[in-house]
Amino acid sequence: QPVTIVETFLNHVTCPGGSDGSVGIDVQNGTAPYTYRWSNGFTTEGLANVPAGTYLLIVTDANGCVGMRSFTITQPPAIVITLASKQNPTCAGVNNGRIDIEAAGGTPGYTYLWSNGATTQDITNAAAGPNIVTVRDSRGCAKDTTISLTAPPAITITVVTVRQVTCFGTNTGLIDVTLAGGTGALAVQWLKDGAPFSTQTDLLGIGAGQYPITVTDANGC
């Protein structure tokens with residue numbers, strides 16, 4: 001009877017790109033001892049730790065009789081992460097960005113781990129900068145992707161000039177400031193003695209005292 005190759009087991013690759021596939025065989029008929037030659041150059045009876053692919057085995061017995069059989073090892077589809085939508089943080093230093101993603105491929109039954117520690121599919125407390133998510137499927141296969149958010153520039157208040165009151169009781173003081181950053185128009189509110197005083201950028205003709213300033217942009221920063 002001709003040399004017959006019987007498959008005893010065939011293990012497919014666990015994760016895309018992996019090399020944990022294996023094949024076990026048994027040779028029936030023919031005359032021992034047998035020699036083995038695989039299409040990838042292996043000369044072992046079976047295959048272990050190989051990637052996905054089709055492998056041809058040629059078995060030759062002691063009399064030169066030959067048997068051939070091919071084996072196909074597959075792998076699951078890769079995990080695909082798609083950005084559905086994102087929203088940048090509204091203010092500098094405020095972690096209120098939002099990222100919505102979709103996962104597909106792999107073996108369904110996904111878990112999520114974000115670089116900020118969140119384990120939900122989507123996050124609503126994302127910071128500006130790179131946000132990394134690791135999606136893991138039910139086989140334990142993982143895929144990473146990075147989604148970057150940007151925040152508006154911080155509001156800055158630069159004091160250009162402060163002119164002190166020249167004489168007691170007079171209103172000859174001056175405060176000149178420069179504003180930058182934020183989003184949209186910047187609203188100014190000066191206080192004096194805890195009460196609203198002016199909404200102008202600079203203060204001219206003011207008396208002695210403390211003048212706190214609050215600047216608010218279009219996002220409420």
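Two strands count as paired here if DSSP finds at least two bridges between them. Keep that in mind as you click around, and remember that this is a predicted model.

**Stop 1: the S9-S11-S12 sheet**

Start by selecting Val133 and Thr145: Thr145, in S12, is the bridge partner of Val133. Now widen the selection to both strands. S11 and S12 run antiparallel and are joined by eight bridges. Bring in S9 as well, and you have an open sheet of three strands, ordered S9-S11-S12, with antiparallel pairing. Why does one side of S9 and of S12 lack a neighbour in the sheet? Strand S9 (111-114) and strand S12 (142-149) are at the edges and have a single partner strand each, so one side of each stays free of a neighbour in the sheet. If you look at how the strands are turned, neighbours in this sheet differ by 25° on average, ignoring direction.

**Stop 2: Thr134**

Stay on strand S11 (residues 129-136) and pick Thr134, which lies in it. Show side chains here: those of Thr134 and Asp144 are joined by a polar contact of 2.6 Å. What else does Thr134 touch, leaving aside neighbours within four places in sequence? Its contacts are Thr111, Tyr112 and Leu113, along with Ala142, Lys143 and Asp144.

**Stop 3: S7, S8 and S10**

Next, select residues 80-87 and 97-104. These are strands S7 and S8, an antiparallel pair with seven bridges. To see one of the matches, label Leu83 and find Ile101, its bridge partner in S8. S8 also pairs with strand S10 (residues 123-126), again antiparallel, through two bridges. Label Ile99 there, and you'll find Ile123 of S10 standing opposite.

**Stop 4: the loop between S2 and S3**

Switch to backbone display for this one. As a rule, most residues other than glycine have a negative phi, and most peptide bonds are trans. Asn29 sits in the loop between S2 and S3, and its phi is near 70°, a positive value in a residue other than glycine. Then go to Pro33, which is in the loop between strand S2 (21-28) and strand S3 (35-38). Is the peptide bond that joins Ala32 and Pro33 cis or trans? The bond is cis, with omega about 0°.

**Stop 5: the S13-S14-S17 sheet**

Now for another open sheet of three strands: the order is S13-S14-S17 and the pairing is antiparallel. S13 and strand S17 (203-206) are the edge strands; each has a single partner strand, so one side of each has no neighbour in the sheet. Neighbouring strands in this sheet are turned by 15° against each other on average, direction ignored. S14 and S17 are joined by three bridges. For a concrete pair, select Leu174 and its bridge partner in S17, Leu204.

**Stop 6: the largest pocket**

Finish by turning on a surface and finding the largest pocket, which holds about 210 Å³ of space. Two elements give two or more residues to its lining: strand S13 (156-163) and strand S14 (173-180). Which residues lie nearest the pocket's centre? Select Val162, Ile175, Ile206, Gly209 and Tyr211; these are the ones, out of 17 lining residues. Colour the lining by residue type and you should get 12 nonpolar, four polar and one charged.

Note on methods:
Residues numbered from 1 in each chain as written. Predicted model: local features only at pLDDT ≥ 70, side-chain atom pairs only at ≥ 80, totals over all residues. Heavy atoms only, no water. 1 Å grid on protein atoms, 1.4 Å probe; cavity = no way out; pocket = protein on both sides within 12 Å on 5 of 7 lines; lining within 4 Å. Points joined across faces, edges and corners; volume = space filled by probe spheres on them. Helix = DSSP H or I, 4+ residues; strand = E, 2+ residues; numbered from the N terminus. Nonpolar A, V, L, I, M, F, W, Y, C, P; charged D, E, K, R; others polar. Polar contact = N/O pair within 3.5 Å; in protein donor to acceptor, adjacent residues only side chain to side chain. Contact = heavy atoms within 4.5 Å. Axes fitted to C-alpha atoms, helices over the stretch in contact; angles between N-to-C directions.
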